[in-house]
Every structure is written in structure tokens, then in C-alpha cells.
Amino acid sequence: MATEATPDRLASDLARELEVMLEIEKFPPPEGFRESALWSDPAIYEEAAADPVAWWTAKSKEVLDWDVEPTEGLNDSNPPFYKWFEDGRINASAQCLDRHVAVGNGERVAYHWRGEEGERRDVTYAELLDSTQRFANALKDLGVEKGDVVGIYLPMIPEVAVAMLACARIGAIHNVVFGGFSAESVRERMEFAEAKALVTVDGARRKGKTAPIKEQVDEEMGDLASLKTIVVVRATGTPCPMTEGRDVFYDEVCAAADPECPAEPMEAEHPLFILYTSGSTASPKGILHTTGGYLTGATTTHKYVFDLKPESDVWWCAADVGWITGHSYIVYGPLANGATSVMWEGAPDYPHQGIWWEIAQETKATILYAAPTAIRTFIKWGADIPARYDLSSLRLLGSVGEPINPKAWLWYHKVIGGERCPIVDTWWQTETGSIMITPLPGITATKPGSATTPFPGVSAEVVDEKDGTPVAEGQGLLMLERPWPSMLRTLYKEDERFVETYFSKFGKDRYLVGDAARRDSDGYFWVIGRIDDVVNVSGHRLSTAEVESAIVAHEKVAEAAVIGQSDPDTGQAICAFVTLNGGVEPSEEVMAGIRDGVAARIGKFARPKRVIWADDLPKTRSGKIMRRLLRDIAEGRALGDVTTLRDPGVMAELEKQVAAERENDD
Ligand code: WT7
């Protein structure tokens, strides 16, 4: 299906790309798509805006079957501690499982799971319900009670969904840590949250190798007082140490457990989960989501942003369950909607670079939701790879995690979507719980690179950073202007930090996103990037302070300053400037040791792409590192104001080092 690259074709492609870059070209929904879309009438926006609370309440009752329906929508008596659907009662696991089985859909596949070595498991809703009930009872038998925190550190296997749903079933609060984080990061997150139990694996596979996860976990978790139990899923058969009285095998406790565990209706505001994410400081923020509002947001957006028809669609969100994207669009949204999903264990290039397209062809996936960084990688590998597969089942594509550059958008549209699939570029955050700014595929004319407009019932604005008034043209701060059901309720055990981080700038009813954005003449939003010290590497959020503290833990490092540098593959890349202790010679070995140290402390995805050594870092007279100048240097920009530097001479030296490093790179 590859199109021939004639000069004419190239010229027209170029012209088109240029137009898109100039934001002229719009892509209206294809007629055929619009005709059968769940939503095709733009009046939905006005309907929602007329009374957003009433609208969300109606949506909630439409997409969920409440055990006790809420009589009120929003409680805003104590901003910014908003509550939604407060007197309602609902159980998240019953919404995701029992209600589908009850209406005869138990044999529907919930997950087409595909393993790295070619294994297949097609898990039905009935099977998932069965496993969830058993594991919920097993957790109870192990002493886990409503309100307890349970850590989950698992690879992409169906048991990760079972573990989350089992917690939800009994009212335990799950705290999932992405499998790419190091065991040390897991420990930190278990310690902050005082987790009572941790669910993990013997070993995890990645590209033909097996990592001894349980062994690594043991090295870190030894003396954690709150942690009473570690449940080990035997995923790979890797031999692992088991501590008597603390560690149990998942299969054994499930086999011993009662098969029936009726779901207990929870208060709407009962905590469903904590998910740690990076902020401006080195200590991660425990984003807290509650039951009724979160489920309303995840389920409603999954249904309408992706035009989901559960009887016929095969949904594939190619994220990891360990991030919010996986929580909302692999577990809660799709299961609550009764969808059939693809769950892929592995990397995009193992066993070969066409594995995604092979899986899409084989499962007849109809909707694919992926990150721009993955798309850019596929572009590098070549359009001839997806061209070998039949991707005609696809009817809608999604993008998430970072701004998508027009070139990647067009490639996705053409090569993967066969020019027939709308693309929804969805902007949201761990904090927002569900998609906030997005096209509606049967309504919105899209522009490559813009997430377009807020979802119905959501209100966003770009404001002046000084006084908070709306900016008509040009860049400003992105704000969400009114509460929405799936918003975070607080930072776990850090109420003050919650208020300070998100609600201190322009009032307690205006949520500060942390992104810069602008609006165009059509009112479309263009998200530019973070305004705080958060770096977005391949759609993974990291704080510069977190990486700095991992670097200075290296015995030979005196100081470190980390910045996000723009990168053609990963969006941003970690670039670290370091000074070494007196007497230490900067060698390849030391630099590699610094990189490895970060990988070991945080996780491999945080490994700095560049480590640049210098005798000194640019500082103000009061000794504050001027990261702005480091960013200028790294991007090869003209230096901003250097007059406040204590020693302007350091800049020349740094520029020399950066140039040398660049040469090395090429
Ligand atoms: C940050 C949130 C929410 C899913 C994954 C990331 C950036 C996210 C987009 C988009 C431009 C985006 C923002 C945001 N971001 N989606 N479509 N266009 N930027 O969740 O780790 O909480 O990161 O990701 O900067 O603030 P997260």
C-alpha cells in the first residue's frame, strides 16, 4: 500500500505539510464517520455549558449504574476541596465487571492479551470477574481492609487489572508504580503512602530478557514497617526469595480463597487510587482520585472521545497501566464501557519492528490510542513496515502525552489511518483523571498539532501570567476554570501542597495546569509545554529536581543542574550539567556511572541522554543556578541576560563543553 514517491507526489506532500504547519488546513470528520458517530451535533457543547453540573450528573447516570443514585452533583462549599455525587453509592469493580456479566456479556473478551514470546490469552469478562473476586477475598484473608493502601508493581499482564479491580472491590486504595521505575522508586512510593501490601512478580520480561523483579524488590523493601504482605505473581517462573510470614504466591492465595466476593457499594468520594507523579520538587506527588467522579470522567470520555461501540470495536490503548493513561483507558474506562481491548506486554520492536501492526491486523483493532513519541519511532523505521499489514480495521486514531508535531500527525493519518481515520489529539494530565481538551471525532474539524477545544462540560482558558485575565492572542498559562468530576481531590497526605500547587495563583476555583498554551482565531488550544521544572521524555513526566538529586547521590559529583532539551525522538531529553568533586577527572567512565546511577535510582527511562561536565555552573551572586542559561546553551540559542552572573566566564567554558559533546554525539 506504500505510495510511490514521484517528484510530483513529494512536492504535493511538501506543500501540504507547509499548509498544515501554517495551520491553514483543517481535517473535518469524514462523512461516513460522522454519519454513524455517537455524537455528531455540535449542540452538545451548548447543552453542557448551559448547566455543566447537571450535564455531568446526567452523563454519570447514563454511563454508570449507581447502586444508590446521587441526588446532588457538585459540593463546592469548601474550595478547592470539591466533592462530586456525594450521597451516591457505587463500586468500581462491579461497574467494570458484574454488570456486563449480569446482562449476558460474560463471554465477551475484555482483553486480547499478547505476550512477547507469542503467547495469547483472551480473557473474558466472566473470567476477569472470577479472578477479581478470588483475589479480593485473598487480600481480605491477608488482612487488607477498606481504606488500606495496596502497592502494585507489575508488568503488562492481565493480573495488573485483576489486582486493581480487586482493591476497588473491597475499598482498598491501589497505588500502582509503573514497571519501568526502579525498586528504589517503588520503596519511596510505598513508604510515603504507608502501603500495607504490595503485589509484584517473580520476574518481568523485556525483549527476550528477564529481570528478577522480586529479588530487586526484596533488596529495597526489607525494613519497611507498614508493609505486611508481598503477593508474588508467578509470571516467568524466575526463582525468587520468599520471606516466611510476609510473602505469598498469588496463585496459591487465590486458589485458597472463597470464589465469591460480593461488591460492596462505596461512597462516591471513597478513594479509588493514588498515583504518584512528578512535580516541581524532588518529592513525587501522590495524586488522589475518588470513585464516582473519576469513573464518570473516564467512562464518559472513553465512550464519546473514541466513539466507542462496545459490540463491534476492538480498542487498543498502547500505554502502560502504570501511568494514568493506562488507569483510565486500559482499565477503568474500557471495562466500565464493556469494551474489548488489546493488551500488549512488550516493546514496539520485539520480536520485530512490525509487531504493533501484526497485533492490530490479527485482533482487527478498530481504535488505536498512542503517544507521539511512538509514532516518531515508527516514522524512523519506515512506512514500508506497517504497509506489510492489513490495517483496514482501524477507524479512529488517538494521540496523547505531548504535543504532536504536524509531521508525525500527517504520517499517522496517512500511513496508519489510510487517510480515512479521524485523529483525536487528547490533552489531559494525571491530575485531571480523564481527557479535558480534545476533538470529538464526529464533530470537530481538526488541525494537526492542536488538541482543539475542551470536552463538553469542561472549561479552559489561556490567561495572562501576571493577572490571570484571558489572553486573546499569544501565549499564556493554561487554566481549567471550573471543577470537573474526575479531578484530583488532593495530594495524598499533603493538602497544603495541593492548594499551593494548583489553586494559589488566581483563586481556589481556578485550577493551574502547569502548561503554557495559546489559542488561535478559531478558539482552538495549542499546548506548548510545561512551565514548571517538569520534563516530558517520551510522554513520561519527570521532575528536574528528582533527577538532580539522583545525580548528586553519585560519590564523585559535586553539583548538578538538569534541564529538558528538545529532542526529535523523545520530545524532550534529559540533559545534565555537572561539576565533579575536587581531584576527580571527568572520564567517560564517570559520566556513564552517573547515567547508570540515575537509571538505578529512578528507572531506565530517566537515564540522562547527555551529561555535560564543567568546572562551574552559571550562578547568580546569591548562588542560585541559572537554568535559563543552561537551556539557552543546550538549545544552541543566543544567551539571554548574563549580567547577573557571578562569573560570566563560566558560560564560554560551558559552550565549549556542549560543542565538544555534540561532536561526540554525531
Ligand atoms: C502533561 C501531563 C495524560 C496522559 C499522559 C501524560 C503533557 C499530555 C498532551 C497533548 C500536549 C500534552 C502536558 C501535560 N500532555 N497530553 N495531547 N498535547 N501536551 O500525563 O504524565 O500527567 O503529564 O503531559 O504537558 O501537563 P502526565
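Two strands pair if DSSP finds at least two bridges between them. The exercises below apply this to a predicted model.

**Exercise 1.** Which strands pair with β8, and in which sense?

Solution.
- Step 1. Take strand β6, residues 149-153: four bridges join β6 to β8, and the two strands run parallel.
- Step 2. Locate one position in this pairing: valine 150 is opposite alanine 197 of β8.
- Step 3. Turn to strand β11, residues 229-233, which pairs with β8 over five bridges, also in the parallel sense.
- Step 4. Locate a position here too: threonine 200 has valine 232 of β11 as its bridge partner.

**Exercise 2.** Are the residues on the two faces of β8 buried or exposed?

Solution.
- Step 1. Buried means under 20% relative accessible area.
- Step 2. On one side of β8 lie Ala197, Val199 and Val201, and these are buried.
- Step 3. On the other side, Leu198 and Thr200 are buried as well.
- Step 4. Five of the five residues in β8 (197-201) are therefore buried, given the cut-off of under 20%.

**Exercise 3.** What is the strand order of the seven-stranded open sheet, and which strands are its edges?

Solution.
- Step 1. The order is β5-β4-β17-β16-β18-β19-β20, with mixed pairing.
- Step 2. β5 (120-124) and β20 (423-426) each pair on one side only, which makes them the edge strands.
- Step 3. Inside the sheet, β16 (residues 314-317) and β17 (residues 340-344) pair in the parallel sense over two bridges. Tryptophan 315 is opposite serine 341 of β17.
- Step 4. Helix α6 (residues 125-141) lies across β4 (109-114) and β5, and runs at about 85 degrees to β5.

How values were computed: Residues numbered from 1 in each chain as written. Predicted model: local features only at pLDDT ≥ 70, side-chain atom pairs only at ≥ 80, totals over all residues. Heavy atoms only, no water. Buried < 20%, exposed > 50% of the residue type's maximum accessible area, 1.4 Å probe, protein only. Contact = heavy atoms within 4.5 Å. Axes fitted to C-alpha atoms, helices over the stretch in contact; angles between N-to-C directions.
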